[in-house]
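Colleague: Please take me through one part of this model closely: the largest pocket. Plain words and short sentences would help me.

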Amino acid sequence: MLAAMSTAMDASVPVAEQEDGTVNILGGKKVAVVFVLGGPGSGKGTQCSNIVEHFGFTHLSAGELLRSEIKSGSENGTMIDSIIKEGKIVPSEITVKLLQEAMIKSENDKFLIDGFPRNQENRLSFENVIKISPEFVLFFDCSEEELVRRLLGRNQGRADDNIETIRKRFRIFEESSLPVVQYYDSKGKVKKINAAKPIPEVFEDVKTIFQSYGPKAA
Ligand SMILES: Nc1ncnc2c1ncn2[C@@H]1O[C@H](COP(=O)(O)OP(=O)(O)OP(=O)(O)O)[C@@H](O)[C@H]1O
Ligand SMILES: Nc1ccn([C@@H]2O[C@H](COP(=O)(O)O)[C@@H](O)[C@H]2O)c(=O)n1
Ligand SMILES: [Mg+2]
């Protein structure tokens with residue numbers, strides 16, 4: 001539902017109310033949000049970079065935001081660090097606040113939210129705080145055997161890319177993240193990609209999905 005309200009960001013931008021009559025964290029500015037999910041190492045970050053380059057989205061990786069929070073020496077840093085090393089999921093209020101700050105700071109109206117929502121608590125917290133429904137969920141599907149190979153070969157110095165934590169991350173993915181994918185699937189919102197193919201071939205399939213968002217502005 002469009003309403004002629006002014007926003008803090010740009011008074012000329014049309015604003016949208018949610019179904020419950022409340023407005024989103026961007027003062028009601030209409031934005032496109034795509035959640036990007038898939039097992040650890042399925043290529044979410046790799047493909048998000050391609051989507052940013054071709055379609056002008058802003059990429060917000062929940063994992064990256066949490067790692068930056070650790071590096072910044074914030075009061076929650078030590079707690080976040082130990083949760084990530086255990087492959088567990090950080091309390092939603094922390095992650096949603098980081099996403100909220102990043103979205104408010106950005107002037108873009110198209111966001112890829114990578115690695116989120118990781119569980120139903122994440123999903124509900126985003127719905128309640130951010131008040132934006134995703135356009136769709138991009139889901140990268142790949143076998144665990146291939147994912148282990150990729151994660152052990154990633155070499156980016158991540159504290160969770162060791163076989164012990166990788167196994168824990170897979171279990172959390174199955175127990176907590178797949179139910180979120182199933183939830184959105186039941187609403188017809190999941191676009192599943194075969195992520196076992198080489199990177200350029202995966203991107204060909206991704207491109208087909210994003211075609212309607214047009215090329216990145218020059
Ligand atoms: N289709 C692919 N085929 C082979 N290797 C790939 C493919 N996609 C990504 N990779 C490689 O696999 C590793 C993991 O990719 P990436 O970091 O994009 O995954 P991710 O889903 O973001 O993982 P995480 O959830 O751990 O952040 C990287 O080294 C990347 O170069
Ligand atoms: N919504 C999220 C996303 C991530 N985490 C934690 O960060 C780790 C790394 O995430 P990547 O997406 O970069 O793989 C992940 O294993 C979680 O520990 C989180 O808690 N909540
Ligand atoms: Mg990633």
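Modeller: What follows looks at the pocket first, then at each ligand.

This is a predicted model, in which local features need pLDDT of at least 70 and side-chain atom pairs count only at pLDDT 80 or more, while totals for chains, interfaces and linings use all residues. Residues are numbered from 1 along each chain as its sequence is written, chains are lettered from A and ligands numbered from 1 in written order, and side-chain values use heavy atoms, without hydrogens and water.

Start with the space itself. Rolling a probe the size of a water molecule over the atoms shows where empty space is left. Here a pocket is an open set of points on a 1 Å grid over the protein atoms alone, where a 1.4 Å probe fits, with protein on both sides within 12 Å along at least five of seven lines. The largest pocket has a volume of about 940 Å³. That volume is the space filled by probe spheres set on the points, which are joined across faces, edges and corners.

Now the walls. The largest pocket is lined by 43 residues, and a lining residue has an atom within 4 Å of a point. Nearest its centre lie Gly41, Lys44, Arg154, Arg158 and Arg169. Several elements give two or more residues to this lining, among them strand S3 (32-38), helix H1 (44-55) and helix H7 (163-186). Helices (H or I, at least four residues) and strands (E, at least two) are DSSP runs, numbered from the N terminus. H2 gives the most, five residues. By class, the lining has 14 nonpolar, 17 polar and 12 charged residues. Nonpolar means Ala, Val, Leu, Ile, Met, Phe, Trp, Tyr, Cys or Pro, charged means Asp, Glu, Lys or Arg, and the others, Gly among them, are polar.

Next, the contents. Ligand 1 sits in the largest pocket, and so does ligand 2. To sit there, more than half of a molecule's atoms must lie within 2 Å of the grid points.

Take ligand 1. It has 18 residues around it; Lys44, Thr46, Arg154, Arg169 and Lys197 come nearest. A residue counts as near if one of its heavy atoms lies within 4 Å. H1 supplies the largest share of this shell, three residues. Look at its polar contacts (pairs of N or O atoms within 3.5 Å). The side chain of Thr46 has an N or O atom 2.5 Å from an oxygen atom of ligand 1. A backbone N or O atom of Lys197 is 2.8 Å from a nitrogen atom of ligand 1. The protein covers 79% of the 630 Å² of accessible area that ligand 1 has on its own. Such areas come from the Shrake-Rupley method with a 1.4 Å probe.

Turn to ligand 2. Its shell has 15 residues, and the closest are Arg67, Lys88, Val90, Gly115 and Arg158. Helix H2 (residues 62-71) gives the largest share, four residues. By class, this shell has six nonpolar, three polar and six charged residues. An N or O atom in the side chain of Arg67 is 3.0 Å from an oxygen atom of ligand 2. A polar side-chain atom of Arg118 is 3.1 Å from an oxygen atom of ligand 2. The protein covers 96% of the 460 Å² of accessible area that ligand 2 has on its own.

Key: A polar contact is a pair of N or O atoms within 3.5 Å; within protein, one must be able to donate a hydrogen and the other to accept it, and residues adjacent in sequence count only if both atoms are side-chain atoms.
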